[in-house]
Amino acid sequence: MISLICNKCVLNGEFSIFCAAIRYSIRDWTEHCINSLSSFSRERERVREMACLHDHSCEDHDCSSDWSLYEHIDLSKVSALNEAVPGSVKSVFKAWEQRLDTSGGHLDSNEGDPELLVYIPFTSDVKIKSISVVGGSDGTSPSTMRAFINRDGIDFSDAQSMQAVQEWDLVENLQGVLEYQTRYSKFQSVASITLHFPDNFGGDFSQIHYIGFKGEATQLKRDVVATIVYELTPNPSDHKTKAETGGGLSHVE
């Protein structure tokens, strides 16, 4: 006869309830655990399907890629300060499925200076739910991340003196399995985001292999918005003046 804490209660976080297994036989206790884990798995499946709202089983489909904002990044305008190789920052933005593929290059800071500042504009306004960062090994992964929303052109001095929208303590996420949740209400209508990585885990430089965002994008592209604003501005060539019609005045009506 044994006395153990119920796995079902532990999995559900109900640590204060000691409901399982006092005076269970080995066989009964094993059966109880199997049933509890089975129930938990079914509940996890239900929650995942409710979260993604897709027409499939989430066990057979990687929903992570469905929320990826990779295709909405304006890659040509992405930039970084203190990158060792100019333009290398663009290599860290890739599809979710390719986040561990290092063949396309990576972002290094300059030797002896681990600080990085990465500017990422989007082609449409987005809502960011989470951010994923895959760093390098041997202490080169960033240890802190700070985010600034819709602040173009900031430098290290600005980043160090400004209040970030949110700040995270990072871990060495070498396998790309961790995501950092945002304060979602503060990450609405994001036209651009600047990520500040002030330090790492002791390496002489910082290294990043992947940066990814999950969330939602509006359907209206930013270049379309610019066109609409332009069209709302009167164009003199589209209007006849009274001078042209014999009225003697030359100002635009």
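**Figure 1. The K77–D74 salt bridge in a predicted model.** Let us start with a charged pair: in this predicted model, K77 and D74 form a salt bridge, with 3.7 Å between the closest N and O atoms. The two partners sit in contrasting surroundings. K77 counts as exposed, at 53% relative accessibility, whereas D74 counts as buried, at 17%. As a general point, side chains of opposite charge can pair when their charged atoms come close. The count of salt bridges in the model comes to four, and two others appear in the views that follow.

**Figure 2. K129 and E216, a salt bridge between strands β3 and β8.** Here the closest N and O atoms of K129 and E216 are 3.5 Å apart, forming a salt bridge. This pair links distant parts of the chain, since K129 belongs to strand β3 (residues 116-135) and E216 to strand β8, 87 residues apart. How accessible is K129? K129 is partly exposed, with a relative accessible area of 26%. Its partner E216 also falls in the partly exposed class, at 34% relative accessibility.

**Figure 3. K214, a buried lysine in strand β8.** Staying with strand β8, which spans residues 207-217, we come to K214. Is K214 buried or exposed? K214 has a relative accessible area of 10%, under the 20% cut-off, so this lysine counts as buried. The side chain of K214 has a polar partner: it makes a contact of 2.4 Å with the side chain of E179.

**Figure 4. E167 and R146, a salt bridge between strands β5 and β4.** Which residue forms a salt bridge with E167? The partner is R146, and the closest N and O atoms of the two lie 3.5 Å apart. Distant parts of the chain are linked by this pair, with E167 in strand β5 and R146 in strand β4, 21 residues apart. E167 counts as partly exposed, at 48% relative accessibility. R146, at 11% relative accessibility, counts as buried.

**Figure 5. Strands β4 and β5 and the two faces of β5.** This view takes in the strands that carry the previous pair. Strand β4 covers residues 144-149, and its pairing with β5 is antiparallel, over four bridges. Within this arrangement, M145 stands opposite W168 of β5. Which side chains of β5 (residues 166-169) are buried? Q166 and W168 are, and both point to one face of the strand. E167 and D169 point to the other face and are not buried. The side chains therefore alternate along β5, which fits the 48% relative accessibility that places E167 in the partly exposed class.

**Figure 6. D138, a positive phi between β3 and β4.** We now turn from side chains to the backbone. Most residues other than glycine have a negative phi. D138 has a positive phi, near 60°, and is not a glycine. Where does D138 lie? It is in the loop between β3 and β4. With a relative accessible area of 73%, D138 is exposed.

**Figure 7. S189, a positive phi between β6 and β7.** The closing view shows S189, another non-glycine residue with a positive phi, near 50°. S189 is found in the loop that runs between β6 (180-181) and β7 (190-197). S189 is partly exposed, with a relative accessible area of 46%.

Definitions and conventions: Residues numbered from 1 in each chain as written. Predicted model: local features only at pLDDT ≥ 70, side-chain atom pairs only at ≥ 80, totals over all residues. Heavy atoms only, no water. Buried < 20%, exposed > 50% of the residue type's maximum accessible area, 1.4 Å probe, protein only. Pairing = 2+ DSSP bridges. Polar contact = N/O pair within 3.5 Å; in protein donor to acceptor, adjacent residues only side chain to side chain. Salt bridge = Lys/Arg side-chain N within 4 Å of Asp/Glu carboxyl O.
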